[in-house]
Each structure stands twice: as structure tokens, then as C-alpha cells.
Amino acid sequence: MNPDHEKHPRGGLYFEDFEIGTTIRHRLTRTVTQMDNMLFSNMTLNPQPLHIDAHFCATETEWGKPLMNSLFTLGLMIGISVNDTTVGTTIANLGMTDVTFPAPLFEGDTINVTTEILSKRESKSRPNAGIVDFRHRAYKQDGTLVAECRRQAFMLKRKTEGAQA
């Protein structure tokens, strides 16, 4: 990231600021709770006992306790990255691919996140935008990788003299 460039007033980086190969270690971390798991699973109408039924998990699963809902983990991982990367400068998410959850995440675990800039290209249809390809990774407190995905985002370019938004 070029330190000479000003960030967006909300803190996000513009398309030009992303340098391929850079890895950002995000400052925010988050300890996940039973309430997170229950609320998210219930708000998304997911009745999977693997997330919301402690007795089921204790008696019928190899884990012995509820797993954090993987879609909550995915959303939290990307959410943690926003302050350092895209807040105020994303036009839209274009997609997420290669989503994996290589190890379980449980209540009480604390995650930290990194984002690697994989590639970027200018938009063919919009001169004020480009596409950035990110790889997000979430680790729990002992360094175990618990989630990973590749995400493509449609990003604003920095305004230049005479350019229209």
C-alpha cells in the first residue's frame, strides 16, 4: 500500500492502493460466543443441532460441543477485513470462491484475520473502478487455520482532476 495516498474518509483503500502480493494482518480480533452462534443460526433459520443443541453435540458428535456456524465464521472473517481495506470504497462484492473450513471453531475461540492481495484489474465497463481479488484467512488463537476464501470486489478508483465519478 502506498503511504503517500490518502485513504477514503471512512478509511478504505482505493483500487490504486492495493499492491499484488501484499498481506495485511488485521488489527481487530474477535472471541466468538454461544450467543453469536445461536443468534446467527436462528436468524438464518438454520435448525442444525450441530450449532444449537449442546446435548445433541455432547452425545452424538465427535466434537462433544457445538460448532460455530460456518457462514457466521465466513461473514466474521470478511467483516474483520473491512476496516483496513474496503470501508467506503467497495462498490459491490462480485463473488466468493474456494471457501474452506479446514478446522472447527468453537465458542470461546478468538480469531484473527489476514488478507492477501492476489490480483487486480481495471474495469472494462467503468473507468472509475477496478476489480481486486483477495484471499482472506481466519486463524484461531493457537494459529490453526479455521476459514479461508477468495473474494472478488468491485472497488472505486481514486478521483483525479477532471474525472467524473
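1. Let's start with K157, which counts as buried because its relative accessibility is 15%; buried here means under 20% relative accessible area, exposed means over 50%, and partly exposed is in between (1.4 Å probe, protein chains only). Before going on, a word on the model: it is predicted, so local features need pLDDT of at least 70, side-chain atom pairs count only at pLDDT 80 or more, and totals for chains, interfaces and linings use all residues. Residues are numbered from 1 along each chain as its sequence is written, and side-chain values use heavy atoms, with hydrogens and water left out.

2. What does K157 pair with? Its partner is E122, in a salt bridge whose closest N and O atoms are 2.8 Å apart. E122 sits in strand β4 and K157 in the segment after β6 (145-156), so the bridge ties together parts that are 35 residues apart in sequence. A salt bridge here is a side-chain nitrogen of Lys or Arg within 4 Å of a carboxyl oxygen of Asp or Glu. Helices (H or I, at least four residues) and strands (E, at least two) are DSSP runs, numbered from the N terminus.

3. The structure holds nine salt bridges. Another one joins the side chains of D109 and K140, at 3.7 Å from N to O. This pair also links distant parts of the chain: D109 is in the loop between β3 (90-100) and β4 (110-122), while K140 is in strand β5 (residues 129-140), 31 residues apart. Both D109 and K140 are buried.

4. Then look at R137 and E148, whose side chains meet in a salt bridge at 3.1 Å, N to O. R137 belongs to strand β5 and E148 to strand β6, so the pair ties together parts that are eleven residues apart in sequence. R137 is partly exposed, at 22% relative accessibility, whereas E148 is buried, at 14%. There is a wider network of salt bridges here too, linking E116, R135, R137 and E148.

5. How many disulfides turn up in a search of the whole structure? The count is zero, taking a disulfide as a pair of cysteine sulfur atoms within 2.5 Å. Two cysteines to look at are C57, buried at 0% relative accessibility, and C149, also buried at 0%.

6. Helix α4 (residues 70-85) passes a simple length check: its 16 residues should span 22 Å at 1.5 Å a residue, and its end C-alpha atoms are 23 Å apart, which agrees. The expected span is 1.5 Å times one less than the number of residues. At the N-terminal end, N69 caps α4, with a side-chain oxygen 2.9 Å from the backbone nitrogen of L71. The buried residues of α4 include F72, L76, I80 and D84.

7. On the outside, M35, L39 and M43 make a nonpolar surface patch of about 350 Å². Patches are made of residues with over 30% relative accessible area and no salt bridge, with like charges joined within 9 Å and nonpolar side chains (Val, Leu, Ile, Met, Phe, Trp, Tyr) within 5 Å. M35 is in helix α1 (residues 34-43) and is exposed, with a relative accessible area of 52%.

8. Two backbone spots deserve a look. L45, in the loop between α1 and α2 (49-52), has a positive phi near 55° though it is a residue other than glycine, and it is exposed at 75% relative accessibility. D98, in strand β3, is not a glycine either but has a positive phi of about 50°; it counts as partly exposed, at 48%.

Terms used
Areas by Shrake-Rupley, 256 points an atom, 1.4 Å probe, with all protein chains shown as cover. Polar contact = N/O pair within 3.5 Å; in protein donor to acceptor, adjacent residues only side chain to side chain.
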